[in-house]
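Work through the following exercises with the sequence and the coordinates at hand. Each task is followed by a solution in steps.

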Amino acid sequence: MRKTRDHPGPAHTRRAGHVDVRETRKHMTKFTDLNLNPKVLKAIEEAGYETPTPIQSGAIPPALQGRDVLGIAQTGTGKTASFTLPMITLLARGRARARMPRSLVLCPTRELAAQVAENFDTYSKHVKLTKALLIGGVSFKEQDALIDKGVDVLIATPGRLLDHFERGKLLLTGIEIMVVDEADRMLDMGFIPDIERIFSLTPFTRQTLFFSATMAPEIERLTNTFLSNPDRVEVARQATAAENIEQGVVIFKASRKDREASEKRKLLRAMIDGEGDKCTNAIIFCNRKTDVDIVAKSLKQYGYDAAPIHGDLDQSQRTRTLDGFREGSLRFLIASDVAARGLDVPSVSHVFNFDVPGHAEDYVHRIGRTGRAGRDGKAMMICVPRDEKALDAIERLVEKEIPRLENPLGSARPEPAEESVPRPAKSPRSKKESAAEVPAEAPAARPQPAPRDPAPEPAARDEDRGPKPSRKSSSARSRSDRGDRKSSNVVGMGDHMPSFIALSFDDRRAG
Ligand code: AMP
């Protein structure tokens, strides 16, 4: 494997392996230097982009030369355009054949796939290219009809793509260019066996453009196996938080353990209020889907313009919510990690971590939703005592202390409005039932103590087709194989560790 290409931009703007997009832009090549199709250049100009970002000036030239590219870049760095622009330029030269797409982009989630499709629409508006989006929630029939006619670009989640393939509707032997986007998230979701299979169904002569924010050993193995002498383009040190994001954490201890959830919600409202007009819009992250629903409902109840997004919501609702958030008609998006992964919302002023993420690198992904493309952003987090270990892990990863913020409420008080709502009468119920039913009524109807068991975010596989037992085991294996999950102290629990396990011994006794 050829070693890292040098980053565009002068040395003084970099720390080791890190390029500050804002600084570097001033010194960069122009789009017109990159050999892109003039019609693509026109679309770029119309999109208002002046200079290529580092990943773009690093990845576009080798991609246009037909080389494999290994791009190590987070979302928000302009990486989508770094593969769509050369792809459109290369594909503009040929023609699609029935049932044999010429290029394939694999994305871990439906939202990300839809976003990539939008990018293709934006940049190929002056070029005649056909595309199909193979994601769950869209009927097979419509997608089959498109594929039958022949498409230049197929954008898909791995599960749905394999479903189409297995139904005999699709041939991957005409793939000239294959893109794997957000490979690290694919790994988290147990997609690596699917990706390997898809690689093996495409011609070995294909060109591969492979993107990942981090290089876990499993990803390294995959790239060593399927990429041929790639140009390695790295624009951010592994798990580096962008420097233009102001960060802070409120260390919070509830007045009583059983009031923690409602007091946290009150604290969140106070943090939002404290930001005033500076908080034009925000993504609020929770670790569990049940909490995503509860926090969204609670905020709505208190008059905030909020809506949830997670893998259990149907596709049309997710799309509506996201569109509203993008257009500015929705101010607060309450999200789980998987649903929010890779979402490109151009100007999010704030990210609130309602929970400290259990995996340190998720913190970097979460706060990367703000401060995108060089804008300033603010990321605030609530840390309860049992999350202090996870906070330590984050600080070790980002190599700095996250500034402690004053609790805007002073000391925590009980939340009468929410606490006074009676518990649901039905009891006992299984934990799963509780999780599913509680948010349907009102946030306050959540049985106390708060459910401690995880409500694991379904992988896109679960969204796009039914889980298969054999895949589950490979998913678990991939996750436990990861070398960069140091923040997780418990192995074999999947991505969502029950919170009680993270309690210190003293906390457990107290609770
Ligand atoms: P991505 O990392 O692909 O999710 O892109 C992040 C954001 O940067 C998107 O909103 C893009 O529209 C925007 N963007 C991409 N390339 C450029 C560029 N060269 N100049 C300004 N903005 C860009």
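**Exercise 1. A threonine in a helix**

Task: Decide whether Thr84 is buried or exposed, and find which residues Thr84 is in contact with, leaving aside its neighbours within four places in sequence.

Solution. The model is a predicted one.
- Step 1: The relative accessible area of Thr84 is 0%, so Thr84 is buried.
- Step 2: Thr84 belongs to helix H4.
- Step 3: With neighbours up to four places away set aside, the contacts of Thr84 are Asn119, Phe120 and Tyr123.

**Exercise 2. The two sides of helix H2**

Task: Sort residues of helix H2 (residues 38-47) into buried and exposed, then describe what borders the helix.

Solution.
- Step 1: Val40, Leu41, Ala43 and Ile44 are the buried residues of H2.
- Step 2: Around the axis these residues span an arc of only 160 degrees, so they lie on the same side of H2.
- Step 3: Pro38 and Glu45, on the other side of H2, are exposed.
- Step 4: Helix H4 (79-91) and helix H5 (110-123) are what the buried residues of H2 pack against.
- Step 5: At the start of H2, the backbone nitrogen of Lys39 has a side-chain oxygen of Asn37 within 2.7 Å.
- Step 6: Gly48 follows H2 and has a positive phi, near 90 degrees.

**Exercise 3. The nonpolar cores**

Task: State which residues of the largest nonpolar core touch the most other members, and which element gives the largest share of this core.

Solution.
- Step 1: The largest nonpolar core has 39 residues, and those that touch the most other members are Leu36, Leu85, Met87, Val105, Ile155 and Leu209.
- Step 2: At least two residues of this core come from each of H2, helix H3 (54-64), H4, H5, strand E6 (153-156), strand E7 (177-180) and strand E8 (207-212).
- Step 3: H4 supplies seven residues, the largest share of this core.
- Step 4: Take Val105 as one of the residues named in step 1. Not counting residues up to four places away in sequence, Val105 touches Phe83, Met87, Val116, Phe120, Val153, Leu154, Ile155, Ala156 and Val179.
- Step 5: Another core, of 33 residues, lies apart from this one; among its members are Leu104, Ala183, Leu187 and Met215.

**Exercise 4. The two sides of helix H6**

Task: Find which residues of helix H6 (residues 140-149) are buried and what covers them.

Solution.
- Step 1: Gln143, Asp144 and Ile147 are buried in H6.
- Step 2: Their arc around the axis is only 100 degrees, which means that they are on the same side of H6.
- Step 3: The face turned away from the buried side of H6 carries Lys141, Glu142 and Lys149, which are exposed.
- Step 4: The cover over the buried residues of H6 includes strand E5 (131-134), E6 and helix H7 (158-166).
- Step 5: After H6 comes Gly150, with a positive phi near 105 degrees.

**Exercise 5. Rings and charges**

Task: Classify the ring pair Phe199 and Phe226 and the ring pair Tyr304 and Phe332, then say over which rings the charged ends of Arg160 and Lys264 sit.

Solution. A pair of aromatic rings is described by the distance of the centres and the angle of the planes.
- Step 1: Ring centres must lie within 6.5 Å to pair; by this rule there are four aromatic pairs.
- Step 2: Phe199 and Phe226 have ring centres 4.4 Å apart and planes at 5 degrees, so this pair is stacked.
- Step 3: Phe199 is in helix H9 (residues 192-201) and Phe226 in helix H10 (residues 217-226), so the pair links distant parts of the chain, 27 residues apart.
- Step 4: Phe199 is buried at 1% relative accessibility, and Phe226 is buried at 18%.
- Step 5: The ring centres of Tyr304 and Phe332 are 6.0 Å apart with planes at 65 degrees, so this pair is edge-to-face.
- Step 6: Tyr304 is in the loop between helix H12 (289-301) and strand E12 (306-309), and Phe332 is in strand E13 (residues 332-335), so the pair ties together parts 28 residues apart in sequence.
- Step 7: Tyr304 is buried, at 14% relative accessible area, and Phe332 is buried, at 0%.
- Step 8: The charged end of Arg160 sits over the ring of Phe140, 3.8 Å from its centre. The charged end of Lys264 sits over the ring of Phe354, 4.6 Å from its centre.

Definitions and conventions: Residues are numbered from 1 along each chain as its sequence is written. This is a predicted model: local features need pLDDT of at least 70, side-chain atom pairs count only at pLDDT 80 or more; totals for chains, interfaces and linings use all residues. Side-chain values use heavy atoms; hydrogens and water are left out. Rings of Phe, Tyr and Trp (its six-membered ring) pair if their centres lie within 6.5 Å; planes under 30 degrees apart count as stacked, over 60 as edge-to-face and the rest as tilted. Helices (H or I, at least four residues) and strands (E, at least two) are DSSP runs, numbered from the N terminus. Buried means under 20% relative accessible area, exposed over 50%, partly exposed in between (1.4 Å probe, protein chains only). A charge sits over a ring if NZ of Lys or CZ of Arg is within 6 Å of the ring centre and within 35 degrees of the ring normal. The arc is that of the directions from the helix axis to the C-beta atoms. Contact means heavy atoms within 4.5 Å. A polar contact is a pair of N or O atoms within 3.5 Å; within protein, one must be able to donate a hydrogen and the other to accept it, and residues adjacent in sequence count only if both atoms are side-chain atoms. A nonpolar core is a set of buried Ala, Val, Leu, Ile, Met, Phe, Trp, Tyr and Cys residues joined through side-chain atoms within 4.5 Å.
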